[in-house]
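This report examines the fold of one protein chain, passing from its overall composition to selected sheets and aromatic contacts. The sequence and the structure are shown first.

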Amino acid sequence: MQAFLHKTWRASLLIITSTVLLLWLVWYTVYRQLKEDKIQSIEAAMQRNANLAVALEQYALRTIHNGEVILQLVKKAQAEKGYTIDLKELVASNIIDTVICSAVYIVDKNGKVMAANVDFANPTFINVPGASNFEYHTYNLNKGLHIGLPVLSAISGKAVVPLSVRLNNRDGSFFGAAFVEIEPAVFTRFYSRANMKSQDIISLVSPEGITYSRRKGAIESYGENIRKSPLYVHLKKARVNNYFAKDAIHGIPTYFSYRRLANYPVIATVGASEEDVLASYFKKTRRDVAFATVFSGMIILFSALIALVLWHRKKNAEQIRTSEVKYRSIFENSSDSILLMTAAGKIVAANKAACIFFGLSKEEMFNRTAVQLTDSTDPAFMQLVDEGKMQGTAKGELQFLHSNGSLLIGEVTSAKYEDADGGLLCIIIIRNTTDKVRLQKKLVAEQKRYQKRVTQQVIQAQEKEREVIGRELHDNVNQVLTTVKLYLEMAFNHKDLREELIPKSMAYITQSINEIRNLSRDLSAPTLGTKSLIDSLQALVEMVQTSSGLHIRFVHEDYCDNLSMDQQLAIYRIVQEQLNNVIKHANAKTVHLSIGQANGRIELIINDDGKGFDTLAKRSGIGLNNIASRVRVFDGETIIESAVGRGCSLIVRLPLLCTINDNNFQQLQRIV
């Protein structure tokens with residue numbers, strides 16, 4: 001035994017050593033390959049950036065040179081014609097090509113624009129867009145080209161980079177300056193159709209750290225301050241170079257190439273983000289790491305399998321013993337009834353819960369078949385057993401017989417499997433649902449009874465509403481129309497009474513029309529199906545203002561129309577009820593009505609400047625109680641603030657998209 005253990009430890013040590021060496025070889029190879037791939041990706045990106053920087057440099061030089069040529073032509077024309085120069089004529093005659101520039105103009109020594117190829121707002125005097133250029137030429141006798149920083153041009157109304165040269169009189173004194181305005185996008189125009197990624201950068205910057213023109217992906221810009229960029233540290237060392245740093249504006253790690261333009265104070269830079277440069281490298285890294293991980297897992301698994309074989313017998317016996325204890329505990333302590341039966345339906349195992357469920361001991365269970373435990377009137381069990389042959393798995397509810405003869409209902413799940421000898425067995429798990437089914441039947445009966453009660457309440461509410469309509473028509477409209485009929489008969493029979501009775505009849509008819517209109521307005525639902533809540537409230541406000549003389553201010557800017565139809569109708573009825581309260585009781589002149597939404601709630605506020613009332617005193621009316629009842633239906637909140645002589649404030653808050661529970665639905669039926 002000691003020799004066996006000694007050999008086992010030696011073999012285990014050899015397996016561990018071999019596995020570690022093989023894993024080190026795999027991962028070292030992957031590391032070296034990925035390192036070389038990263039270097040190649042960076043070198044390729046730097047070469048691409050350098051090529052693009054050369055192209056950008058050449059394009060910028062050509063653009064600036066073309067602008068300088070235009071300025072030299074303007075300078076020559078000014079020297080010949082002086083104040084009579086006409087730049088529009090020069091452009092029209094194609095002597096000056098303005099394809100690259102948005103404006104060409106001349107400024108005299110006092111800052112007045114004396115000639116331009118475009119019209120501008122104030123021909124007498126205008127601020128020079130390139131003020132720094134003008135000052136430069138005023139005090140600098142240098143006759144060379146000056147490139148200004150980007151500004152918003154008052155001549156063309158666009159953002160431009162001004163190029164300028166000094167103009168002298170024939171005696172050499174300062175005459176003024178000639179300007180050419182180039183839009184920043186012109187410098188990067190050749191990239192407009194390039195397949196640039198969203199984080200690729202091309203830019204032309206000044207030695208002072210201000211960008212002349214910049215493009216990041218498809219986004220153009222100018223005038224950014226990048227003085228803190230590492231670019232200027234590298235410029236001190238070399239006119240052309242590459243470096244890696246964070247983008248000075250967005251802080252994105254980027255590989256840059258730059259070139260300082262010869263003879264001009266401009267630096268051309270091209271950048272590609274680290275994410276884009278190393279995208280293929282990262283993809284290959286993930287693939288190689290995944291491969292190495294899988295391969296390493298296979299090595300470890302293979303080594304583990306070999307190690308497991310060495311300890312198989314001892315561990316296998318311990319696991320079997322542990323498994324038996326664990327699954328026996330699960331089997332016996334399960335709250336569900338578990339039966340194990342043969343293909344013929346004979347029960348060979350049952351847990352404690354099954355014995356309690358059927359009211360039998362284990363010995364009694366083993367002397368019965370599964371069919372004997374079920375209700376003979378329930379054919380569903382035949383899905384499990386048919387003439388002693390298993391029909392596969394089944395799931396559903398069956399009726400079972402208790403030992404005392406009572407019926408039990410259980411939710412059954414069954415499955416078949418083969419034992420170690422190849423015999424077919426079936427395991428059945430039964431969950432007692434007798435109480436659950438009984439409660440479900442009771443719930444169905446309660447729901448039917450509740451629906452019947454709701455239907456009766458709706459019918460009663462309809463009958464009450466019809467009674468109110470009939471009483472209003474009989475007591476008011478019918479009496480008035482009867483009087484009109486009598487007046488008209490008297491007027492028809494007595495001509496001398498027509499002048500007196502016909503106007504009275506017309507007045508009574510108008511009264512009847514108003515009565516019917518008021519009755520329709522109070523009893524019929526608003527047209528919320530065809531109009532929004534705000535439109536319906538606006539119509540209500542206009543109608544109340546016209547009939548009562550109240551001044552109502554309606555504010556609804558913070559409201560979004562996304563409420564359910566029940567909530568919209570409730571809010572409309574609350575506003576209608578409170579406005580009626582104000583008209584009848586408040587003696588108010590002004591009402592402020594606002595509706596808005598915030599924090600998942602809708603808030604309705606109605607303030608009036610009426611006589612107010614004591615909120616603690618007992619009230620005989622039902623208007624405010626109806627409002628509170630409507631709000632409770634939606635689990636909302638009602639706040640009433642008032643005092644004698646200080647008006648009244650009604651605040652209603654409802655949760656958005658809420659549902660109505662059963663108790664609230666009963667309240668809603670009572671206030672329909």
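How many helices and strands does the secondary structure of the protein hold? In this predicted model, the secondary structure comes to 16 helices and 24 strands.

**Overall composition**

The protein has 672 residues, and 39% of them count as buried. Its accessible surface is about 39,600 Å², with 56% of that area belonging to carbon and sulfur atoms. Contacts between residues at least 6 apart in sequence join residues at least 24 apart in 57% of cases.

**An open sheet of six strands**

Six strands make up an open sheet, arranged in the order 9-8-7-12-11-10 with antiparallel pairing. Strand 9 (219-221) and strand 10 (240-246) lie at the edges; each has a single partner strand, so one side of each lacks a neighbour in the sheet. On average, neighbouring strands of this sheet are turned by 15° against each other, direction ignored. Within the sheet, strand 11 (residues 253-260) runs antiparallel to strand 12 (residues 267-273), and seven bridges join the two. One residue of these bridges is Y255, whose partner in strand 12 is A272.

**Aromatic pairs**

Seven aromatic pairs occur in the structure. Two of them are compared below.

| Ring pair | Distance between centres | Angle between planes | Class |
|---|---|---|---|
| Y243 and Y258 | 6.1 Å | 55° | tilted |
| F291 and F295 | 6.1 Å | 15° | stacked |

Why is the pair of Y243 and Y258 classed as tilted? The planes of the two rings stand at 55°, and pairs count as stacked under 30 degrees and as edge-to-face over 60, with the rest tilted. The pair links distant parts of the chain, since Y243 belongs to strand 10 and Y258 to strand 11, with the two residues 15 apart. Both Y243 and Y258 are buried. Ring pairs also bring in F256, so that Y243, F256 and Y258 are linked into a cluster.

The pair of F291 and F295 is stacked, because the planes of its rings are at 15°. Both residues belong to helix 7 (residues 279-310), where a spacing of four residues separates them by about one helical turn. Are these two phenylalanines buried or exposed? F291 counts as exposed, at 57% relative accessibility, whereas F295 is partly exposed, with a relative accessible area of 33%.

**Strands 20, 21 and 22**

Further along the chain, strand 20 (residues 551-555) pairs with strand 21 (residues 590-598) in the parallel sense over five bridges. The bridge partner of R553 in strand 21 is H592. Between these strands the chain passes through helix 14 (residues 565-586), and the resulting β-α-β crossover is left-handed.

Strand 21 also pairs with strand 22 (residues 601-608), here in the antiparallel sense and over eight bridges. In this pairing, L593 stands opposite I606 of strand 22. Which residue takes a positive phi in the hairpin of strand 21 and strand 22? The hairpin has two residues between the strands, and N599 takes a positive phi near 55°.

Strand 21 thus has a parallel partner in strand 20 and an antiparallel partner in strand 22.

Conventions
Residues are numbered from 1 along each chain as its sequence is written. This is a predicted model: local features need pLDDT of at least 70, side-chain atom pairs count only at pLDDT 80 or more; totals for chains, interfaces and linings use all residues. Side-chain values use heavy atoms; hydrogens and water are left out. Two strands pair if DSSP finds at least two bridges between them. Axes are lines fitted to C-alpha atoms, for helices over the stretch in contact, and angles run from 0 to 180 degrees between N-to-C directions. Rings of Phe, Tyr and Trp (its six-membered ring) pair if their centres lie within 6.5 Å; planes under 30 degrees apart count as stacked, over 60 as edge-to-face and the rest as tilted. Buried means under 20% relative accessible area, exposed over 50%, partly exposed in between (1.4 Å probe, protein chains only). Contact means heavy atoms within 4.5 Å. Accessible areas come from the Shrake-Rupley method with a 1.4 Å probe; for residues, only the protein chains shown count as cover. A crossover is right-handed if, with the strands pointing away from the viewer, the path from the first strand over the helix to the second runs clockwise.
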